[in-house]
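User: I have a model with ligands to go through. Please explain what the labels rest on.

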Amino acid sequence: MKKPAILFALIAALVMLVVTGVVRAQPSRLAPLAQDRQVAPAAPFAVPANIAPHPAPEQPLPFSHKTHVSRGLRCQMCHTNPEPGAQMTFPASATCMGCHTTVAKDRPAIVKLTEMAGSNQPIPWVRVYQVLPGVTWTHRKHLQAGMPCAQCHGNAGEMDAMSAVTAVTGMSSCIGCHQAQKASTACTTCHVWPTS
Ligand code: HEC
Ligand code: HEC
Ligand code: HEC
Ligand code: HEC
Ligand code: HEC
C-alpha cells in the first residue's frame, strides 16, 4: 500500500473503534454522566458565536489566558465573584506578583507589570464583554444554576488574546437561553422601565 492508503486505513480503523466503543460504553457511562451533571450541567442552550467582527482590544499588558490556564491555574483564582455577585472582577496586581516577583521577571512585559503593581493603581484592562448600561445582569444566579464559564465565554483557556467570541451580551442570547431553561423572560427581569 502507498502511504496515503495506509493512513486512510488507519484513520478508518480508528473511527470504527471510536464509534463502536462509544456505542458499547453508553449504558455503563450513564452513572458517571449523571454525577458530572451536578458539577456542570449539560448545556441545553448553546450561546451563539459572535458573527460580528470582534478583534481583541489592545491591552496594557500582553496577558495570555492560554499561558496561564494551561499551567493549571483555575478561573476563580483570578476572577472572584464578590457581593453582590454581579461581577467576576479582575485580579489585583498582587495576585500576579505572587508569581512574577520571580517568574520571567526580566522580560519587558513583566518589568512593566512590576512598575504597574508598584503604582498601587489597578491595571487598566480594556473590557471585552459588556452588556448595555442599565440592563440587569448578575453572574451569581447563573453560576448558582450550574453554568460553566465556557458556556458564555467560549474556550477562554485556549485563547492568547481574549476577544468576544460569543454573542452572550446580545438580548437574543439572553432570551434564547432563558426560554430554553425556563427562566423568566419578562421585560422587567432585565430592564428597569421607565428610565426617567
Ligand atoms: C492568572 C489570572 C487569570 C486566570 C487564571 C484567568 N483569567 Fe480571565 N482574565 C485575567 C485578566 C488579567 C484579564 C484581563 C485581560 C484580558 O482581557 O485578557 C482577564 C479577562 C477575562 C475575560 C474578559 C472579561 C471582559 O469582559 O473584559 C473573561 C471572559 C475571562 N477572563 C474569563 C476567564 C476564564 C473563563 C478563565 C478560566 C478558564 C480565566 N479567565 C482565567 C486573568 C485571569
Ligand atoms: C450566563 C452567561 C455567563 C456565564 C456562565 C459567565 N459569564 Fe462572565 N460575563 C457574562 C456577561 C453577559 C458579561 C458582561 C457583564 C457586564 O457587562 O457587566 C460577563 C463579563 C465577565 C467579566 C468582565 C466583567 C466582570 O464581571 O467583572 C469577567 C472577568 C467574566 N465575565 C468572567 C467569567 C468567569 C470566570 C466565568 C465562570 C466562573 C463566567 N464569566 C461565567 C456572561 C457569563
Ligand atoms: C501561578 C503563577 C502565575 C500567576 C499568578 C501569574 N502568572 Fe503570568 N506567567 C506565569 C508563567 C509560568 C508564565 C510563563 C513564563 C515563561 O514563559 O517561562 C507567565 C507569563 C506571563 C507573561 C508573558 C511574559 C513574557 O513576555 O514572556 C505575562 C505578560 C504575564 N504572565 C502576566 C501576568 C499577569 C498580568 C498576571 C496577573 C493577572 C499573571 N501573569 C499571573 C505564571 C503566573
Ligand atoms: C446559557 C443560559 C443563559 C444565558 C445566556 C443568560 N441567562 Fe440569565 N439566567 C439563566 C437561568 C437558567 C436563570 C435562572 C437561575 C435561577 O432560577 O436561579 C437566569 C437568571 C437570570 C437573572 C436573575 C433573575 C431573577 O429572577 O433573579 C437575570 C437578571 C438574568 N438571568 C439576566 C440575564 C441577561 C441580561 C443575560 C444576557 C446578557 C442572560 N441572563 C443570559 C440562564 C441564562
Ligand atoms: C433575559 C434578559 C432580557 C430580557 C428578558 C429582555 N431584554 Fe431587552 N435587552 C437585554 C440586553 C442584554 C440588551 C442589550 C443588547 C445589546 O447590547 O445588544 C437589551 C436591549 C433592549 C433594547 C434596546 C436597548 C435599550 O435598552 O433601549 C430594547 C428596546 C429592549 N431590550 C426591549 C425589551 C423588551 C420590550 C423586553 C420584554 C418583551 C425585553 N427587552 C426583555 C436583555 C433582556
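Analyst: α4 (93-100) is the top contributor to the shell around ligand 3, giving five residues. This is a predicted model, where local features need pLDDT of at least 70, side-chain atom pairs count only at pLDDT 80 or more, and totals for chains, interfaces and linings use all residues. Residues are numbered from 1 along each chain as its sequence is written, while chains are lettered from A and ligands numbered from 1 in the order in which they are written.

User: What makes a residue count as near a molecule, and which come nearest to ligand 3?

Analyst: The C-beta atom, placed from the backbone, must lie within 6 Å of the molecule. Around ligand 3 there are 20 residues, and Cys96, Cys99, Ala104, Arg107 and Ala109 come nearest.

User: Why is α7 called a helix?

Analyst: A helix is a DSSP run of H or I with at least four residues, numbered from the N terminus. α7 spans 149-153, so it fits that rule. The largest share of the shell around ligand 2, four residues, comes from α7.

User: How do you know which residues of the shell around ligand 2 are nonpolar, polar or charged?

Analyst: Ala, Val, Leu, Ile, Met, Phe, Trp, Tyr, Cys and Pro count as nonpolar; Asp, Glu, Lys and Arg as charged; the others, Gly among them, as polar. By that rule, the shell around ligand 2 has 10 nonpolar, nine polar and no charged residues.

User: What is the division around ligand 1?

Analyst: There, 14 are nonpolar, six polar and one charged. Cys75, Cys78, Val128, Cys149 and Met162 come nearest to ligand 1.

Definitions and conventions. Helix = DSSP H or I, 4+ residues; strand = E, 2+ residues; numbered from the N terminus.
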